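Me: I should like to go through this structure with you, step by step. May I start with a few short questions?

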Amino acid sequence: MDWEFTQETFVSLVSALPLTLSLAATAIALGAILALALALARTSGILVLDWFARAYVFVFRGTPLLVQIFLIYYGLSQFPAVRHSIFWPVLRDAYWCAVMALSLNTAAYASEIIRGGLLSVPHGQVEAARACGMPRLMVFRRIVLPLAIRQALPGYGNEMISMIKATSLASIITIMEVTGVAARIISETYRAIEVFVVAGFIYLAINFLLTRLVQLVEFKLSPHLRQPENAAQMAIAGDAR
Amino acid sequence: MTQPGFFDLLSFGPDGWAKALMAGAWMTILIALSGYTIGAIIGTFGAWAKISGGKTLHVAADAYTTVLRGIPDLLVIYLLYFGGSAAITSIGRLFGADGFISFPGFLAGALAVGITSGAQHTEVFRGAFKAVHRGEIEAAIACGMSRSLRFRRIIAPLTLRHALPGLGNVWQVVLKESALVSITGVVELLRQSQIGAGSTGLPFDFYLIAGLIYLAISTVSSIAMRQAERHFSRGVRRG
């Protein structure tokens, strides 16, 4: 392995990192909103909404993400109505097309994770909140959603990692994020192994940090599962006595 | 020139792309099946290394699954396709051939899909093996079964039964991942749709058709998987 070449590659790949991160962050944020809406539609008990959410999840989970990206980026330009609409500056832009495809895709997977979280909320908790006289919205905001988020977090962490990996597909529609730059360097130099090692290291580092971050949030959100700190101190004090 | 309508594209006539798209779909299934098989073989060894391998093997298997689940599949395809081409070209030079020799895209794609799905197979098999009751294995030992007989008659069928739902999920992932192999130029479903989109100027129609075909393949295979699950859990009491 050529050390100098590896260093140069590392510098050019790291300079593409902000683009990868912004793609992932925007897609995850937009996808989360859509996913929550889909999960609520699925659990609403209203037949039309329920079937819409089912169909959405079926279609987006059953087709490759690359097909969805192509359909949005290349496919929509087929229609003159789209090309002349006010949305064209957005739909012409590869970045926004990638963000859109990634958000729509992650929403399908994440909605099932959130739905699992919503279904896991014990009925007694909701009943207790209702008995305290909380209105529906407050029950949702204060009781159901926090409990559901806590339950869904580990699964959601995996989905976020999938999204970081999925941003690499944006390179196929000309976006020069980490994988895009890596592919360019590989095709210029044919030194696939060095570039692969450096790019792989960057992705592993992001995903490692993300996993740790999710674990930290999980820890913060479940204080009831730990021994309270002052109780632990009291126990120690008791031993000393 | 009038543009052909959506259903003209799906016909076998002069404007029709049905034959080409079917060939593409067949290629997609071939890539996915080969990749899946390679992945299952790697997964068997990986699970074995994690369950009963020594310390070195265990660490190696752990490193393999961690790395392959943390990096994009596209990078693995680039590595094998370009790395393989570079390797073959330098081997070719040893034998006096000059010029660039490209690595076969199908092989690179199937290997890449296999290596990435191998990490998932490893975890599925390992989890399934853990779900097999100790008692069943102990009973087999008590009956005096030899190691290989025990594996063939007791461990393998029971592990497979527990692994089936996970294996179905991995297959769905592999099927969708096979679309990435289109970047190597192998004319599978997505590549064929790109060719069609380019020559007719109807990208939306073609990618929509491709999406529908993927959806059909994944629906048929999930029905088949459900049948298989029912078949292999005969004799399991529920509830």
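Me: How much area is buried between chain A and chain B?

Reply: In this predicted model, about 3,000 Å² is buried between chain A and chain B, and carbon and sulfur atoms give 81% of that area.

Me: Which three residues of chain A supply more of the area it buries against chain B than any other three?

Reply: They are Gln78(A), Tyr190(A) and Phe196(A), which supply 20% of the area that chain A buries against chain B.

Me: And how many residues are in contact?

Reply: On the chain A side there are 36 residues, in contact with 37 residues of chain B.

Me: How many salt bridges are there between chain A and chain B?

Reply: The count is zero.

Me: Back to Tyr190(A). Where is its place in chain A?

Reply: Tyr190(A) sits in the loop between H10 and helix H11 (192–221) of chain A. Its phi is positive, about 55 degrees, although Tyr190(A) is not a glycine. Most residues other than glycine have a negative phi.

Me: What is its relative accessible area?

Reply: The value is 30%, so Tyr190(A) is partly exposed.

Me: Which loop holds Thr174(A), and what is its phi?

Reply: Thr174(A) is in the loop between helix H9 (136–166) and helix H10 (178–189) of chain A. Thr174(A) is not a glycine, yet it has a positive phi of about 70 degrees.

Me: Is Thr174(A) buried or exposed?

Reply: Thr174(A) is exposed, because its relative accessible area is 56%.

Me: Changing topic to chain B: at what angle do H7 and H9 pack?

Reply: Helix H7 (residues 147–177) and helix H9 (residues 203–232) of chain B pack at about 170 degrees, with their axes 10 Å apart. H7(B) and H9(B) are therefore roughly antiparallel to each other, as an angle over 145 degrees counts as such.

Me: Which residues make the contact?

Reply: From H7(B) they include Arg161(B), Leu164(B), Trp171(B) and Leu175(B), and from H9(B) they include Tyr214(B), Ile217(B), Met225(B) and Phe232(B). The residues of this contact divide into 10 nonpolar, five polar and two charged.

Me: What about Ser178(B): buried or exposed?

Reply: Ser178(B) is buried, because its relative accessible area is 0%. Ser178(B) lies in the loop between H7 and helix H8 (189–200) of chain B.

Me: With which residues is Ser178(B) in contact, leaving aside its neighbours within four places in sequence?

Reply: Ser178(B) is then in contact with Thr28(B), Ile31(B), Ala32(B) and Glu188(B).

Technical notes: Residues are numbered from 1 along each chain as its sequence is written. Chains are lettered from A and ligands numbered from 1 in the order in which they are written. This is a predicted model: local features need pLDDT of at least 70, side-chain atom pairs count only at pLDDT 80 or more; totals for chains, interfaces and linings use all residues. Side-chain values use heavy atoms; hydrogens and water are left out. Axes are lines fitted to C-alpha atoms, for helices over the stretch in contact, and angles run from 0 to 180 degrees between N-to-C directions. Helices (H or I, at least four residues) and strands (E, at least two) are DSSP runs, numbered from the N terminus. Angles under 35 degrees count as roughly parallel, over 145 as roughly antiparallel, 65 to 115 as roughly perpendicular and the rest as oblique. Contact means heavy atoms within 4.5 Å. Ala, Val, Leu, Ile, Met, Phe, Trp, Tyr, Cys and Pro count as nonpolar, Asp, Glu, Lys and Arg as charged, and the others, Gly among them, as polar. Buried means under 20% relative accessible area, exposed over 50%, partly exposed in between (1.4 Å probe, protein chains only). Buried area is the accessible area (1.4 Å probe) that two parts lose on being put together, summed over both. A salt bridge is a side-chain nitrogen of Lys or Arg within 4 Å of a carboxyl oxygen of Asp or Glu.
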